[in-house]
2 protein chains.
Amino acid sequence: MNALNLVSNEQLAAIAKAIAHPARIQIIRLLLSKPSCIGGEITSEVGLAQSTVSEHLRILKAAEIVTGEIEHPRVCYSLNPEKLLPLLDLLQRVASSQVTNDEACCVSTNDKMVCK
Amino acid sequence: MNALNLVSNEQLAAIAKAIAHPARIQIIRLLLSKPSCIGGEITSEVGLAQSTVSEHLRILKAAEIVTGEIEHPRVCYSLNPEKLLPLLDLLQRVASSQVTNDEACCVSTNDKMVCK
DNA sequence: TATCACTATCGTTATTCGACGATTTACGAA
DNA sequence: TTCGTAAATCGTCGAATAACGATAGTGATA
């Protein structure tokens, strides 16, 4: 058992939800491509209204996936990779699960349920 | 450039959205813990109404994150890890990004934007 | 054919989300 | 102090989501 099991379904779902929007994925990719703080550039890149982008940034900040430091007229946004680790962990587990399940559906468990 | 860049923001968001609910995370974890096909056991484990769980399974199947094979009274659900790989790739990139960004906010890019 | 066990679908309701324009806030510079 | 720029917040609207009970479908078995 590692850290994943200490994270609730609700917490994992909240992380996924925070990134479950094209505009927010785009923002994450932008921050990934430029380790600089692209303040209001995000707004023009995303192509939505300023208030809408601000709302997406608010959601990402609330989930602590990005951080924002004020650099006066602008705000410096950066990624906070740590917050994504629990979800990364889950996905890695799924990816590395022995899925020869194409035909191996219904492997017998303890005592019941054998199927095919 | 690897496969990630060929995946649209919309596709990545759709994957995240499909798993962005506590009940669906729980289902994924259940399928991860038992490589067997736990048919209607999912319903009792999740603790929501049968129709609600069926709907969550429908969403996961529509996103091709799980597959369902009919084994008569029941349905055998299995994980389809491949579908999650694009999101896994993105998260790995974020996790491995050089984030000494605590203080390194505003690293200079090509020509502009230096900040602090 | 009739029954059963399980799953999927339908219809409804309450809540949340996403987008926008308009407004407000915050602060540096003139 | 006033102005200008960038970001955040507010209010509204329509669309999407989540949950449920009730109902319909499906196929094995009696």
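**Exercise 1.** Sort the residues of the surface near DNA strand C by class.

*Solution.* By class, you get six nonpolar, eleven polar and four charged residues. Here Ala, Val, Leu, Ile, Met, Phe, Trp, Tyr, Cys and Pro count as nonpolar, Asp, Glu, Lys and Arg as charged, and the others, Gly among them, as polar. Keep in mind that this is a predicted model: local features need pLDDT of at least 70, side-chain atom pairs count only at pLDDT 80 or more, and totals for chains, interfaces and linings use all residues. Residues are numbered from 1 along each chain as its sequence is written, while chains are lettered from A and ligands numbered from 1 in the order in which they are written.

Next, the neighbours: 21 residues surround strand C, the closest being A:Leu48, A:Ser51, B:Gly39, B:Gly40 and B:Ser51. "Near" asks for a C-beta atom, placed from the backbone, within 6 Å of the strand.

**Exercise 2.** Find which element gives the most to that surface.

*Solution.* It's α4(B), with six residues. Helices (H or I, at least four residues) and strands (E, at least two) are DSSP runs, numbered from the N terminus.

**Exercise 3.** Describe how α5(A) and α5(B) cross.

*Solution.* Start with the axes, lines fitted to C-alpha atoms over the stretch in contact, with angles from 0 to 180 degrees between N-to-C directions. The two helices, residues 85-95 in each chain, come within 9 Å and cross at roughly 135°. That makes the pair oblique, as angles under 35 degrees count as roughly parallel, over 145 as roughly antiparallel, 65 to 115 as roughly perpendicular and the rest as oblique.
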